[in-house]
Amino acid sequence: MPEPTLPSPAALDPADSTPLKASLAPERGLQTGEYLTSGQGVRLPDTDHSLKAGTRGPTLMEDFHLREKITHFDHERIPERVVHARGTGAYGVFTAYGSAASITRAGFLAEKNKQTEVFVRFSTVLGSRGSADTVRDVRGFATKFYTDEGNFDLVGNNMPVFFIQDGIKFPDLIHAAKWHPDREIPQAQTAHDTFWDFVSLHTEATHHVMWAMSDRAIPRSYRTMEGFGVHTFRLVNAAGETALVKFHWKPVAGVHSLAWEEAQIAAGVDPDFHRRDLTDSIDAGLFFEYELGVQVMPDTPDETFQGIDLLDPTKIVPEELAPVQPIGKLVLNRNTDNFHAETEQIAFHMGNLVPGIEVTNDPLLQARLFSYLDTQLSRLGGPNFNQLPINRPHAPVNDNLRDGMHQSVVHRGIAPYLPTSLGNGAAPEATPPDKGAYVHLPKPVKGEKIRENPTSFADHYSQAALFYHSLSPLEQEHMVEAFTFELGKCYETPIRERMLTVLAKVDAGLTAKVAAGLGLPAPQDTPPAEVVPSPALAQITDRVWPITGRIVGVIAGPGADLDGIDSLRKAFKAHGVVLRVIAPIGGILDGKEIVERTFQTARSVEFDAVVVAGGAGKLVDLQVTVLLQEAFRHAKAIGAWGDGEQLLLAAGIDPAAPGILRSADAGKAYAEQLAAALGKHRAWERVPLLKPAASSQGS
């Protein structure tokens, strides 16, 4: 392509003595300097730490680099969210147990049986709005409480730690984790060079990388997904006493995940897998339930607990050291009426606090206090986003704020300021502390202005090792496979080698297995010598969980035992389990049973168990064979009654294998056997019997 023609010298200002090419050079001042600068060309000495009042102090507003970096990042894309673009949501009711009264004056937590309406938005982090639900990713678990004292937003994730310790690094993290900017691929995944380049160099990410490579990154359902507030918050009770806490959402149905192959299948055949599960279940009256709990730690001057720095968002407090104390229950029971008006326009902000709940000096949290408000200005078009119905508080509002884009309130009066003697006394008054005002707890702030982390932030490996050693052997195997897959997608061998040196500081066995899978030598290092596991972190246990919302597919055809199917459906209904009939073609089977899935449209990922009805044993269809074989590989409960066992044999499934439930009929006893198998989530004892290539299935 020829170079563009330059204007003639006569077209230039004769007073401009700058050489022609220099004055018009497109690269002038744009990304050509040797050193990192601000957008104004000011050279910067540090872009890893925000400016704080001492290493443990709050972030300072005068940090122009932090504000410029975050502001530019917040406004990179319009109109969808820069992160958490792919989401879904539902309304619910939170009921307080009253047990939190000793630690907080917040009425929605402290008052026994107090009910508060909420809206919850679940989301993935990396993908665009059109990406799939089931990708390997962190999940957002953001809750807006419409309390009597104003809105409180608990904006958390399904993992209790984060990749970075300081919010000034968030743009770097997301730029590395999202698609490559030259071609905008890969979509909604971290299996690429830039992500692993960043986390292998920025080793404070190591703990969160372990979580992201675990089964937690591919939840079975939002119903079986844990939530965490990530940061440490300060609670203040009615007597002015304080405690430091971490918030937890505990799903009543337990924490369960998809198999990796299931996640990939679902991304293709049903990219709306999680949101469909949420909305369909609520429509069916099978509500999602969670308990809100807190870990309570003393508010000591050093803000540490059992040697753990509570201001470090890359660290957890093991539940064995500080048990999670339940303080209320959330039930999601109502779907949205309009996705855009509600789920898409809801605006969360970490600074939406109510009396009795305060933030701490966690430097990641401090940056979020700025970023969440700032990003709404771009995404929702101006400062009046709080007037949108989904964002309006249920408490009275009189804020003296005026005008701005999308102002929907017709204000009256001539004195939107304080103090004033005008307006016939209509202007709001400042609220006395005893009338419910939000009064910040007086806390000393001191320290030199400095861009550093406290020395206690320097340990990047001990808790990564703690997490790995807390998992069951099968979960550890899944993590090895996840690391091997993701690093195997990197083109640059030095990145793989560098990440192996990071893993060597966590666990030698993990490193050796991943290195073997990559065909690289395993580096040697010194992992943490003593690690006390936290059993609460393991998903695969012997515990039996509630099965509300689980789905059982029943394979049937002409001449199948429809009475047996009806008997199963009635028995499952008492457990909140959905039964769906799968048949060769749609319509009504033998004039009685509605066919909800055909052989062509059904895949194993949709079902938590698959059963072959009596009378269907002689069906011949490759798609049914694939469905049954997938369910077998994924360690799901598989059943058959009557001659249904023949279909299992035709699919190459040993009826005597673990988790295969056979019966002469579909009576009540058989239904209870299937229900018990569902409560274990999967037939874990089957996994060792599977072929090596399929041994990763089931998580």
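Glu606 is buried in this predicted model, with a relative accessible area of 15%. Its salt-bridge partner is Arg597, and the closest N and O atoms of the two lie 2.6 Å apart. Arg597 is partly exposed, at a relative accessible area of 22%. The cut-off for buried is under 20%, so Glu606 at 15% falls below it, while Arg597 at 22% does not. Elsewhere, salt bridges that share partners tie Arg86, Asp133, Asp270, Asp272 and Arg276 into one network.

One link of that network can be followed in detail. Asp272 and Arg276 meet through their side chains in a salt bridge of 3.9 Å, N to O. A salt bridge needs a nitrogen within 4 Å of a carboxyl oxygen, so this pair at 3.9 Å qualifies. Asp272 is partly exposed, with a relative accessible area of 26%. Arg276 also counts as partly exposed, at 37% relative accessibility.

Lys169 and Asp172 make a further salt bridge, with the closest N and O atoms 3.2 Å apart. Is Lys169 buried or exposed? Lys169 is buried, with a relative accessible area of 7%. Asp172 is partly exposed, at a relative accessible area of 25%. Side chains of opposite charge can pair when their charged atoms come close. The count for the whole model comes to 37 salt bridges.

Arg597 leads on to a sheet. The strand β19 covers residues 597–598. It belongs to an open sheet of six strands, paired in parallel, in the order β19-β16-β15-β20-β21-β22. β19 is one edge strand and β22 (660–663) is the other; each pairs on one side only. The neighbour of β19 is β16, residues 578–583, and two bridges join these parallel strands. Ala583 has Thr598 of β19 as its bridge partner.

A second set of strands centres on β8, residues 242–251. How many of its 10 residues are buried? Eight are, which leaves the strand mostly covered. β8 pairs antiparallel with β6 (residues 227–228) over two bridges. There, Gly227 stands opposite Trp249 of β8. β8 also pairs antiparallel with β7 (residues 233–236), this time through four bridges. Phe233 faces Val245 of β8 in the pairing. β7 and β8 form a hairpin with five residues between the strands, and Gly240 takes a positive phi near 85 degrees in it. The pairing of β8 with β9 (residues 288–298) is antiparallel as well, and runs over nine bridges. Trp249 stands opposite Leu292 in β9. Trp249 of β8 therefore has an opposite residue in β6, Gly227, and one in β9, Leu292.

Now to the helices. The largest nonpolar core holds 54 residues. Which of them touch the most other members? They are Phe163, Trp196, Val209, Met210, Phe483, Met499 and Val514. Several helices each supply at least two residues of this core: α4 (170–177), α5 (193–201), α6 (206–212), α11 (462–470), α12 (473–488), α13 (493–503) and α14 (508–518). Another core lies apart from it, with 46 residues, among them Phe247, Leu332, Ile346 and Leu365.

Two members of the largest core give a closer view. Val514 contacts Val480, Phe483, Thr484, Leu487, Leu500 and Leu503, leaving aside its neighbours within four places in sequence. Trp196 is one of the buried residues of α5; the others are Asp193, Phe195, Phe198, Val199 and Ser200. What do the buried residues of α5 pack against? They pack against α4, α6, α12 and α13. An α-helix has 3.6 residues a turn, so residues three or four places apart point the same way.

The last stop is on the surface. Ile414, Tyr417 and Leu422 form a nonpolar patch there, with about 310 Å² of accessible area together. Tyr417 sits in the loop between α10 (363–379) and β14 (449–450). Tyr417 is partly exposed, with a relative accessible area of 38%. A patch residue needs over 30%, so Tyr417 at 38% clears that limit.

Technical notes: Residues are numbered from 1 along each chain as its sequence is written. This is a predicted model: local features need pLDDT of at least 70, side-chain atom pairs count only at pLDDT 80 or more; totals for chains, interfaces and linings use all residues. Side-chain values use heavy atoms; hydrogens and water are left out. A nonpolar core is a set of buried Ala, Val, Leu, Ile, Met, Phe, Trp, Tyr and Cys residues joined through side-chain atoms within 4.5 Å. Buried means under 20% relative accessible area, exposed over 50%, partly exposed in between (1.4 Å probe, protein chains only). Contact means heavy atoms within 4.5 Å. Patches are made of residues with over 30% relative accessible area and no salt bridge: like charges are joined within 9 Å, nonpolar side chains (Val, Leu, Ile, Met, Phe, Trp, Tyr) within 5 Å. Accessible areas come from the Shrake-Rupley method with a 1.4 Å probe; for residues, only the protein chains shown count as cover.
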